[in-house]
Amino acid sequence: MTAFPPPPRPVPAAATDPTAVLQEVFGYTDFRGEQRAIVDHVAGGGDALVLMPTGGGKSLCYQVPAIVRHRAGQGVAVVVSPLIALMHDQVGALDEVGVHAAFLNSSLTGEEAQQVKREMMSGRLVLLYAAPERVTNAGFIAMLESLQERGLLSLFAIDEAHCVSQWGHDFREDYLNLTVLHERFPGVPRIALTATADDHTRADIIERLQLQEARLFISSFDRPNIRYTIVEKDNARSQLLRFIRDEHEGEAGIVYCASRKKVDETADWLKAEGIAALPYHAGMEADTRRRHQDRFLREEGVVMVATIAFGMGIDKPDVRFVAHLDLPKNIESYYQETGRAGRDGEPAEAWMVYGLADVVNQRRMIDDGPAGEEFKRIQRGKLEALLALAEAHDCRRVRLLSYFGEASHACGNCDNCLNPPQTWDATEAARKALSCIYRFRQHGGNGFAPRAFGVAHLLDVLRGKRTDKVAQYGHDRLSTFGVGADLSEAQWRGVLRQLVALGHLRAEGEYNTLELTDSARAVLKGDVPIVLREAREPVKGSSRRSGRREGKVPAAAATLDAQAQERFAALKAWRAEVAREHNLPAYVVFHDATLAEMAREQPGSLEALSHVAGVGAKKLEAYGREILRVLQAG
Ligand code: ADP
Ligand code: ZN
């Protein structure tokens with residue numbers, strides 16, 4: 001057996017106080033929400049399951065205990081993380097604040113990996129990041145055993161713990177083997193963390209990771225800095241362009257599309273319009289994908305157009321918007337995807353367009369899918385909840401949070417709160433549409449067999465348009481011909497969308513012909529009131545003035561006066577240089593909010609600078625003088 005150098009000596013109690021560590025190392029004044037309780041519990045040797053929304057601050061929940069326990073002579077914390085691509089930046093960020101951390105993954109040379117293992121086995125390392133398949137392999141377990149025998153295995157953190165559940169969409173086979181940690185190292189505290197909140201996933205995590213004894217910490221899932229907006233699809237692309245130009249020019253964002261083709265097309269189109277957009281999907285070369293992800297993380301103001309293949313583990317804090325051009329699968333996905341905006345706590349936006357075709361497609365994907373009836377029933381229920389959110393006239397946040405079992409009040413920071421929609425009673429209109437579809441099915445005009453028709457023809461009949469097809473089928477003789485001339489096409493689409501959303505209508509066949517479902521009968525009889533949002537007149541043209549909504553979301557720097565803006569720009573230029581030198585994203589050096597505070601407060605001494613949130617001891621020492629110089633020069 002190799003002889004290891006003696007473990008680091010324990011340090012005085014003050015240095016192991018969690019709040020002192022938070023301030024000294026990370027430069028933050030206080031813990032947020034549940035963080036303090038979690039940190040105390042885990043630093044004290046307890047097991048924990050932490051449910052916290054994206055951006056809530058999960059990393060500190062294991063990093064601070066790891067530092068505290070390391071300082072107390074308890075050795076190395078092992079962090080299980082599913083994405084090796086991001087370990088580099090996480091370790092880089094710890095390095096910046098002076099915490100000795102490393103990762104073990106396939107990107108290292110044999111030499112580098114040996115070096116990391118030596119640091120780990122000596123107990124000098126504070127945190128080691130590794131993927132689940134590595135943590136559970138026999139060689140690694142043997143190393144952990146050696147550490148434990150010497151009292152140098154301080155804790156296990158299992159990040160993205162929902163990967164252990166088949167229920168979620170990020171299932172990872174390797175996570176199932178993590179039970180070995182509990183079986184082989186029962187005395188070592190474990191903390192599992194996830195942003196996935198539903199009961200099913202939670203139960204899976206507890207059972208599969210054997211966390212029955214762990215204390216459960218559930219944070220509020222509210223993300224108050226995210227503004228939710230859902231608009232009706234008119235021309236999705238130009239709506240998106242207007243949204244980016246008017247609200248988020250030059251800012252980083254993610255645009256989600258359902259298909260690879262649409263990702264490519266949308267990215268090309270945005271690029272042609274002068275937006276720094278890049279595509280990302282699983283069909284691209286791995287190399288190109290990595291390069292695009294890297295540029296998104298490292299450069300400022302890149303818009304990533306992506307399928308949902310992109311995003312897990314992306315902890316870029318200054319993503320200012322997440323836009324959906326297609327409906328997400330369900331509310332869980334929507335919340336997870338939109339949650340990638342504004343992790344830095346600064347104002348951010350979640351914006352989505354959706355229309356009748358999306359509703360039809362989503363329903364059909366479930367109906368025509370290979371899943372069993374029971375699973376389809378659950379999927380339909382989830383889709384209905386999502387559609388209800390999209391059609392809602394009241395606070396979106398209240399609905400979102402109540403979906404996750406949390407009560408709240410109207411938020412004042414969603415489209416419906418800021419700009420309450422008009423509604424209209426569409427009960428009669430719904431009856432007209434349904435009865436028209438019913439008549440298609442009863443009478444085959446002009447000797448044709450009765451059949452179903454698609455949306456376009458239905459709208460022509462309802463609105464009394466004498467098209468060739470109408471004449472061909474003799475539909476101008478139906479009693480429902482022209483009964484809906486008083487409503488616009490947009491209004492009719494709204495009615496149909498709602499009817500499909502509620503399951504009273506179903507689209508079928510190659511041409512999405514509309515069929516009544518069993519529940520349509522009650523609507524036909526007038527027993528089910530249908531209340532719709534008034535379709536907002538789409539803003540024509542893309543002039544910034546006409547498209548701009550009330551109350552643009554101000555980001556950190558927007559509140560600075562002109563001179564402070566200049567200082568902010570100078571600080572950003574300096575930060576870009578440092579980031580390039582260290583091969584790290586700029587936000588790892590300092591967040592925008594930290595630079596903005598420096599620009600505003602203009603600290604004149606190292607002491608004053610140390611009070612700026614986000615400036616810890618190591619960064620003060622490394623960069624303090626430089627920053628004072630930049631501020632003075634500005
Ligand atoms: P999560 O992993 O839960 O999505 P992170 O751990 O990435 O969240 O934290 C989100 C952001 O919040 C990070 O930029 C982090 O530095 C910041 N943060 C976390 N806790 C605090 C705190 N107590 N005070 C100030 N900033 C914090
Ligand atoms: Zn609201």
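User: What makes the residues lining the largest pocket nonpolar, polar or charged, and how many are there of each?
Analyst: The lining of the largest pocket has 20 nonpolar, 16 polar and 13 charged residues. Here Ala, Val, Leu, Ile, Met, Phe, Trp, Tyr, Cys and Pro count as nonpolar, Asp, Glu, Lys and Arg as charged, and the others, Gly among them, as polar. Please keep in mind that this is a predicted model, in which local features need pLDDT of at least 70 and side-chain atom pairs pLDDT 80 or more, while totals for chains, interfaces and linings use all residues. Residues are numbered from 1 along each chain as its sequence is written, chains are lettered from A and ligands numbered from 1 in the order written, and side-chain values use heavy atoms, without hydrogens and water.

User: Why is it called a pocket, and how much space lies in it?
Analyst: A pocket is an open set of points on a 1 Å grid over the protein atoms alone, where a 1.4 Å probe fits, with protein on both sides within 12 Å along at least five of seven lines; lining residues have an atom within 4 Å of a point. The largest pocket holds about 1,400 Å³, taken as the space filled by probe spheres set on the points. Its lining has 49 residues, and Tyr-28, Ser-59, Asp-315, Pro-317 and His-591 are the closest to its centre.

User: How do you know what span to expect for helix H18?
Analyst: Helices are DSSP runs (H or I, at least four residues), numbered from the N terminus. The expected span is 1.5 Å times one less than the number of residues. With 16 residues (427-442), H18 should therefore span 22 Å, and its end C-alpha atoms are 23 Å apart, which agrees.

User: What makes Arg-245 and Glu-273 a salt bridge?
Analyst: A salt bridge needs a side-chain nitrogen of Lys or Arg within 4 Å of a carboxyl oxygen of Asp or Glu. The closest N and O atoms of Arg-245 and Glu-273 are 3.3 Å apart, so the pair qualifies. Arg-245 sits in helix H10 and Glu-273 in the loop between helix H11 and strand S10 (strands are DSSP runs of E, at least two residues).

User: Is Arg-575 buried or exposed, and what about Glu-300, its salt-bridge partner?
Analyst: Buried means under 20% relative accessible area, exposed over 50%, partly exposed in between (1.4 Å probe, protein chains only). Arg-575 has 2%, so Arg-575 is buried. Glu-300 has 44%, so Glu-300 is partly exposed. Their N to O distance is 3.3 Å.
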